[in-house]
Amino acid sequence: MLISKERNIISNSIQWTVVFAFGLSVALPLLYAIIRLESVTGISSLDSIISFFELPEAKEALNFTILESLFSVSLTLILGLPLAWQLGRYEWKHISIIRSLLSIPFVMPAIVAAMGFLALIGQGGPLSKVGIDLRTESGVIGKISSLTGFENTGHFIALIIAHAWFNISLIVRMVEPTLSTMDPRWEEQIKLLPAGSTRFGRIKNLWLPFIGPAIACASALCFVFTFTSFALVKWLTPNNSTLESLMAESGGTAGIYNYRVDTSEIVLAICLVQLIILITALGLTSRLQRKHSLRHAMVSESSARNSRGKPNAFGKIIITVGLIFTLLPLMLVILSSFIVRTIKDGKISNEFTFDAWKGAWNGDNSTLSISEALSNSLIYALITLIFSLTIGWIMASSIHRLENSGKMKSAKIVDMVSMAPLAISAVMIGLGILLGILRWIPTMFNWFLIPVIPHILLTTPFVVRIMLPAIRSLDNSFEEQAKMLGLSPIKVWIHSRLSFLLGPLAVSGSLIIAFSLGEFGATWILVRSGSWDTLSILIDQLMGQPKFDPLVYPMAMAGATVLMTLTFVLFLLAEKVRPNGEGSGF
Amino acid sequence: MDKNISKRVIEIKNLDKEFDGNRIFNNLNLIVEENQIIAILGPSGCGKTTMLRMICGLENCDGDSIYFKNQDICGSDIYGKIGLIFQKPILFPHLNVGRNILLGSKLKGDKKSNMEIVERELEFIGLPGFAKRKIESLSGGEAQRVVLARALLANPELLLLDEPFSALDVKSRRSLAKETRKFLKSRKMTAIHVTHDKNEAELVADLVLNWEELCSQNKTD
C-alpha cells in the first residue's frame, strides 16, 4: 500500500514537473523577448499595441494578412465542402485511400507546397500553358489586375489557391465525420415535418445546426493557419508581407540596442497584436469544437453510408478533380527536379536530365549537400521525437489522471498549457528564442541544438491531442487483471498500457518526425551556422539564389522531392497504424 | 364520384417491393379512409416498416400502386402531408423540447405565440412545463410523447406510426397506446399503426388487420 502511495507521489511529481517545464519553455522566451524589445525601444507593450496603426508597414501587413486569410478560408470552403459532402454521404470504394490522399497536403512541409505552386505557376508550368499567367500577370490575370487596381493579383491568387490546397484536408477531416455518422433517420424525420418540407427548411433546421459548428470550427482553424503561414507567403507573394513574414524578416535585426530600433518596434507591435488575434481565434475555435463534438458520431459510419448508397457520376467527378488538385503540385515538384531549362539563341529549351540531382547531392551552389542537410534534419527530428513523445505522453497522462480524480479545472488548465504553442506561431516561437534567450546569452548562438527547442514546442500539442483520447479509452480492468496475475509493475504497465497505446504512439511518432523535417519558420530564424542547415532551409537557400545557373531551380526541386518523399512515407506509416475508428477525424 | 372513394386517404393496389433481388412482399392491398385508425399486425421483418416508408415517400415504389387522396404518389414529393413516427423517437439534440415541437408547426409565429402553442401541445400530451427541457433528460416514454405532440401539431393528412411504443415497458406501452388513440381521435386524424403486439393494436385502432391478409405472399427481409 505504502509502495503504491510512494509511486503515486513520484509519478505525480514527475508529471507536474514536466507540465511546469513545458509551460515555462513556451512562455518564458516570449516574455523575455517582449521585455528585451520593450527595453530596446523604450516603449511599453500597451503603448506598442496602441501605436500599432502608426506603423505603416505593420498596418499594411495586417490588412494584407486579414485579406489573404479571409479569401483563403472562403476558397478552402468552396473547394473542401463538396469533397466532404461526397465523401461523408456515400459509400465509396477505397475510402481510406481517398481520405489519405486528400490529407497529404496538410502534412506536407510548407516549403514543398511553395515549390509545388511555383512549379505550377512558373514559366512553362501547366497554368501558363493554358494561358493563365499568375507570375508575370499578363492575359486574363493582367486584365483582372488593371480592373481591380490591385497590385500583384496573380501572386495573390496563387497564394490563396496554395492556402486552400494546404487546408482542404482540414475541412474534409472535420466536416466529413459529422456527415458520415449522422443518423439518416434525422434527415428522414425532418423531411416529413412542416419545418423540413422544403430544401431551405431542411438546410435551416437540420444541416446548418449540425454541420455548421464543424464548418465554423474548421474555418477558424484554417484562418489561424493561413494567418500564420510563412513559407508560402515568402515565396508566392514576395512583394507583400503578412504579419508573420514581416516579423520574421525584421526579427534578424531586432532586439539589438542602438541598432535598427525601428525593426524592434515593428516586431514588438506585430508580436503583441498577432498574439491577441491568435488567442481570440483559438478561443473561438475551442468553443466551436466543444459545440461540434456534441453534435456528431450519432450512428455507425457504415450503416449511415449504406442507407445512402453509391455516389453518382457528379460525385465521382468532384472527388477525381479533388484528387488531381491535391496531387498535381506534388507531381510537378518531382517533374521539375528533372527538367533543366536553358536558353539558346533566344529559344527556351527543356532538357530532361539527372544533373540537378547530381549537383544537389554534391552540394553545388549551396553550403551543404542534400544528404548532409537531410542528416541534420533527421538528427533534429529524432531528438524532437524523443522529447515530444515523452513530454506529450506525460502531459496527456496528467490530464487523464486529473480528469479521473474529478479535478476537471486543473485538467483543463494542463490541457490549455499543452495547446499553448498553437497560440504562438512558429515564427513567434523562433523569435521568442532568438530575442528571449540568444540576445541575452549570445554564446548559445553556436549551440547546434537550438532549432530543436521550437520543434519540440510545436509538435508536443499534436502528441497530446493524439494520445489523450487513446489514454481515455484504456480499460482499467486489464490493469487490475494484470495485477491480480501477480505481474511485476513494469509488466503490468506493458500489458495494460503500452500494448494498447502502440498505435497512437506510432501515429504521433510519424507526425512528429514529419513536422520536424518540414518545419521552416522557426528554423529559418534560428539556424545561424551553415553546417547545421536543415533540408527545408537548404531548399529555401537554393531558391533564393540568382538563377544564372539553370541547375539551381531543379536542385531546389530535388531537395523538395526528397523532403516530400520522406514526409509521404511517414504519413503512410501513420495512416497504416492509425487506430480504426468511425469517421475520419484527425 | 363514388362517395366512399372520395373519403379514401390512402389506397394501395398490388404493391410489390424487393431489395437486391429479394422479394420483401408482393401484391399488397390496403385502403384507409378519412378519420380511420388502422392497425396492421405482423411479425418483425415482414416488411411493415418498408410499406410505411413507401407510403411517405422515403422508399421508392413503382408507379400506379399507392394513391393518396386518389392521386398516384409513387415517385412524387409529398413531404409535409404525411407524418411518420419512428420506432425510436427522433428528437433533434440541438433543440430543446419546445423547439423540437415547433418543427411541426406550419405557421411562423412570434416567440410568445410559439410558446403558447408549445405549452398547449405539451399540456395536451401530459407533459406541461417541459418546453425548456433538454432532449437527453427525457425518458423513453416522455420522448415518444414529445414526438407525438410534434406530429399532432403538424396535423398531417395521414399519420404513420411505426411500432412507436416497442422500446417501452409493458405498462407504459399500454397507457401510451390508450392515450395515443385519445389524441388521434380528438384531432380527427387518419392513421396507420403497425405493430407486432395484438393488445397494443386493439388499444389504438378502429380496425386491426393482419399483414397476411394484406399480402398474397410474404417473405421475411
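Two residues are in contact if their C-beta atoms, placed from the backbone, lie within 7 Å. The exercises below use this on a predicted model.

**Exercise 1. Place Arg53(B): find its helix, its exposure and its contacts.**

Solution.
- Start with the element. Arg53(B) belongs to helix H2 of chain B, residues 48–55.
- Next, exposure. A residue is partly exposed when its count of other C-beta atoms within 10 Å falls between the buried level of 20 or more and the exposed level of 12 or fewer. Arg53(B) has 18 C-beta neighbours inside 10 Å, so Arg53(B) is partly exposed.
- Then contacts. Setting aside neighbours within four places in sequence, Arg53(B) touches Leu58(B) and Glu59(B).
- Last, a distance. Asp16(B) and Arg53(B) are separated by 37 residues in sequence, and their C-alpha atoms are 13 Å apart.

**Exercise 2. Do the same for Leu79(A): is it buried or exposed, and what does it touch?**

Solution.
- Leu79(A) sits in helix H3 of chain A, residues 56–89.
- Within 10 Å there are 20 other C-beta atoms, so Leu79(A) is buried.
- Beyond four places in sequence, the contacts of Leu79(A) are Ala164(A) and Ile168(A).
- Compare sequence with space. Glu57(A) is 22 residues from Leu79(A) in sequence and 32 Å away, C-alpha to C-alpha.

**Exercise 3. Work out the layout of the open sheet in chain B.**

Solution.
- Read the order. The 5 strands run S6-S7-S8-S3-S9 in chain B, and the pairing is parallel.
- Find the edges. S6 and S9 (207–210) of chain B each have a single partner strand, so one side of each has no neighbour in the sheet.
- Note the twist. From one strand to the next it averages 20 degrees.
- Check one pair. S3(B), residues 37–41, runs parallel to S9(B), and 4 bridges join them. Leu41(B) has Asn210(B) in S9(B) as its bridge partner.
- Add the first helix. H2(B) packs on the sheet and touches S3, S6, S7 (158–162) and S8 (191–195) of chain B. The direction of H2(B) makes about 155 degrees with that of S7(B).
- Add another helix. H5(B) also packs on the sheet, touching S6 and S7 of chain B. Its direction makes about 175 degrees with that of S6(B).

**Exercise 4. Describe the hairpin of S1(B) and S2(B).**

Solution.
- Set the strands. S1 covers residues 8–19 and S2 covers residues 22–33 of chain B.
- Give the direction. These strands run antiparallel and are joined by 8 bridges.
- Pick a bridge. Glu18(B) pairs with Arg23(B) in S2(B).
- Look at the turn. There are 2 residues between the strands, and Asp20(B) takes a positive phi near 50 degrees.

**Exercise 5. How do H16(A) and H25(A) pack?**

Solution.
- Two numbers describe such a pair: the angle between the axes and the distance between them.
- For H16 (355–362) and H25 (552–577) of chain A, the angle is about 70 degrees and the axes are 8 Å apart.
- Angles of 65 to 115 degrees count as roughly perpendicular. H16(A) and H25(A) are therefore roughly perpendicular to each other.
- Name the residues. Ala356(A), Trp357(A), Gly359(A) and Ala360(A) in H16(A) meet Pro554(A), Met555(A), Ala558(A) and Gly559(A) in H25(A).
- Sort them. This contact has 6 nonpolar residues, 2 polar and no charged.

**Exercise 6. Which residues of H9(A) are buried, and what do they pack against?**

Solution.
- In H9 (184–191) of chain A, the buried residues are Glu187(A), Glu188(A), Gln189(A), Ile190(A) and Lys191(A).
- They pack against helix H10 (199–227) of chain A.

**Exercise 7. Describe the contact between the chains from the side of chain B.**

Solution.
- Count both sides. Chain B gives 18 residues and chain A gives 13.
- Find the elements. On chain B, strand S6 (82–85) and helix H5 (140–154) each supply at least two residues. S6(B) has the largest share, with 3 residues.
- Sort by class. The chain B side holds 11 nonpolar, 5 polar and 2 charged residues.

**Exercise 8. Where in chain B is confidence lowest and where is it highest?**

Solution.
- Begin with the whole. Chain B averages a pLDDT of 86, and 94% of its residues score at least 70.
- Take the extremes. Strand S10(B), residues 217–218, is lowest at a mean of 44, and S8(B) is highest at 95.
- Look at the weak stretch. Residues 217–221 of chain B have pLDDT below 50, and beyond near neighbours in sequence the stretch makes 14 contacts in the model.
- Finish with the model scores: ipTM is 0.74 and pTM is 0.81.

Notes:
Residues numbered from 1 in each chain as written. Chains lettered and ligands numbered in written order. Predicted model: local features only at pLDDT ≥ 70, side-chain atom pairs only at ≥ 80, totals over all residues. Axes fitted to C-alpha atoms, helices over the stretch in contact; angles between N-to-C directions. Parallel < 35°, antiparallel > 145°, perpendicular 65-115°, else oblique. Nonpolar A, V, L, I, M, F, W, Y, C, P; charged D, E, K, R; others polar. Pairing = 2+ DSSP bridges. pLDDT = per-residue confidence, 0-100.
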